[in-house]
Amino acid sequence: MDPEEHSPVLTGPGRPGKVAGVGIVLAGGAGSRFGMPKALVRDDDGVPWVQLACRALLDGGCVDVVVVLGARADDARDLVPATATVVVATDWASGIAASLRAGLAAAESLPAGRATASGRSAGGASGADVAVVSLVDLPGLRADAVRRVLAVSGEPDAARHALARAVYGGEPGHPVLVGRAHWRPLADAVQGDTGAGPYLRAHAAAAVDCTDLGGGDDVDRAGPAGSPGRGEGRPGRG
């Protein structure tokens, strides 16, 4: 596989003085209902879903992206954009919580100077104010949804304590915004195949209506004639 062909260099816009967001793409599952790990799936034009996920986060305002791999990680790694940080959740089979913990830990340990839009740093670690979490099986996710969720976080100091998630037709979905102050408590709270949902509800996360944008359905099954880009969908939950 030619890395020049399959691993484009994607970079975020960078916004001096603004909230710095690091995107996290959860792509560790085996995709048992789909028939293959979704980190390996491509759309009808041949573009890997993992690249679409990274592009939506970056175009939506994130300044860096962490991609969490698990099942068949060695195969999936070649499809991840060259500028993304890759982390492997070795316990991915225990459920989505393992991938989320790995992604948050990776975001926290990014070198100073990365994941920062204004030069801030935190004790030599990433200066990111928020994490913006998404799933690899949301190939239709709009950058506008990422932008809209980021916009509710306020100024950087307030953003570090913010919690918000996109909703579609009243149903919770992605992306999910997690202020830095919540990263470790959230990692401690999630377990098994239960994602951030209970924590977000318990802490009254803001609901950001993205119904008009569309693109919030995750794809659980391959579509007709084996087309992965036209599978059955429902709002991506966590």
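This report walks through the fold, the core, one sheet region and a few individual residues of a predicted model.

**The overall picture**

Let's start with the whole chain. DSSP-style assignment gives 8 helices and 9 strands. Of the 238 residues in the protein chain, 53% are buried. The fold leans on long-range contacts: among contacts with a separation of 6 or more, 70% are between residues 24 or more positions apart. On the outside, the chain exposes about 9900 Å², and carbon and sulfur atoms supply 49% of that area.

**Helix α2 and the core**

Next comes the inside of the protein. In soluble globular proteins, nonpolar side chains tend to be buried together. Here the largest nonpolar core has 70 residues, and the ones with the most contacts inside it are Ile24, Val25 and Val67. Helix α2 gives this core its largest share, 7 residues.

Val67 is a good place to see how the core is knitted together. Leaving out residues up to four places away in sequence, Val67 touches Val25, one of the other well-connected core residues. Its further contacts include Ala27, Val80, Ala84, Thr85, Val86 and Val87. Val67 also touches Val50 and Cys54, and both of those are buried residues of α2.

Helix α2 itself spans residues 49–59 and is mostly covered, with 8 of its 11 residues buried. Besides Val50 and Cys54, the buried set has Trp49, Gln51, Ala53, Ala56, Leu57 and Leu58. After the helix comes Gly61, with a positive phi near 125°.

Which residues make up the aromatic pair that is edge-to-face? A search of the whole structure turns up 1 aromatic pair. Phe34 and Trp49 form it, with 5.6 Å centre to centre and 65° between the planes. Phe34 sits in the loop between β1 (21–27) and α2 while Trp49 is in helix α2, so the pair ties together parts that are 15 residues apart in sequence. Phe34 counts as buried because its relative accessibility is 9%, under the 20% cut-off. Trp49 is buried too, at 1% relative accessibility.

**Strand β5 and its partners**

Now for the sheet. Strand β5 covers residues 163–168, and 6 of its 6 residues are buried. In a regular strand the side chains alternate between the two faces of the sheet. In β5 both faces are covered: Leu163, Arg165 and Val167 are buried on one side, and Ala164, Ala166 and Tyr168 are buried on the other. Note that Arg165 is on that buried list.

β5 has a partner in β6 (residues 171–179) and another in β7, as laid out here.

| Partner of β5 | Direction | Bridges | Example of a bridge |
|---|---|---|---|
| β6 | antiparallel | 5 bridges | Arg165 with Val176 |
| β7 | parallel | 4 bridges | Ala166 with Val208 |

β5 and β6 form a hairpin with 2 residues between them. Gly169, in the turn, has a positive phi of about 60°.

**The loop after β7**

The loop between β7 (206–209) and β8 (217–219) holds Cys210, and Gly214 lies in that loop as well. Cys210 or Gly214: which is buried and which is partly exposed? Cys210 is buried, with a relative accessible area of 0%. Gly214 is partly exposed, with a relative accessible area of 24%.

Setting aside neighbours within four places in sequence, Cys210 is in contact with Ala166, Val167 and Tyr168, which belong to β5. Ala145 and Arg148 are also on its contact list. Cys210 and Ala166 are 44 residues apart in sequence, yet their C-alpha atoms are 6.0 Å apart.

Gly214 touches Tyr168 as well as Arg142, not counting residues up to four places away. Tyr168 is therefore a contact of both Cys210 and Gly214 in this loop. Gly214 and Leu141 are 73 residues apart in sequence and 7.5 Å apart in space, C-alpha to C-alpha.

**Cysteines**

A last word on sulfur chemistry. A disulfide is a covalent bond between the sulfur atoms of two cysteines. How many disulfides does the structure hold? The count is 0. Like Cys210, Cys62 is buried, with a relative accessible area of 0%.

Methods
Residues numbered from 1 in each chain as written. Predicted model: local features only at pLDDT ≥ 70, side-chain atom pairs only at ≥ 80, totals over all residues. Heavy atoms only, no water. Buried < 20%, exposed > 50% of the residue type's maximum accessible area, 1.4 Å probe, protein only. Contact = heavy atoms within 4.5 Å. Areas by Shrake-Rupley, 256 points an atom, 1.4 Å probe, with all protein chains shown as cover. Disulfide = S-S within 2.5 Å. Pairing = 2+ DSSP bridges. Core = buried A, V, L, I, M, F, W, Y, C linked by side-chain atoms within 4.5 Å. Phe/Tyr/Trp six-rings, centres within 6.5 Å; stacked < 30°, edge-to-face > 60°.
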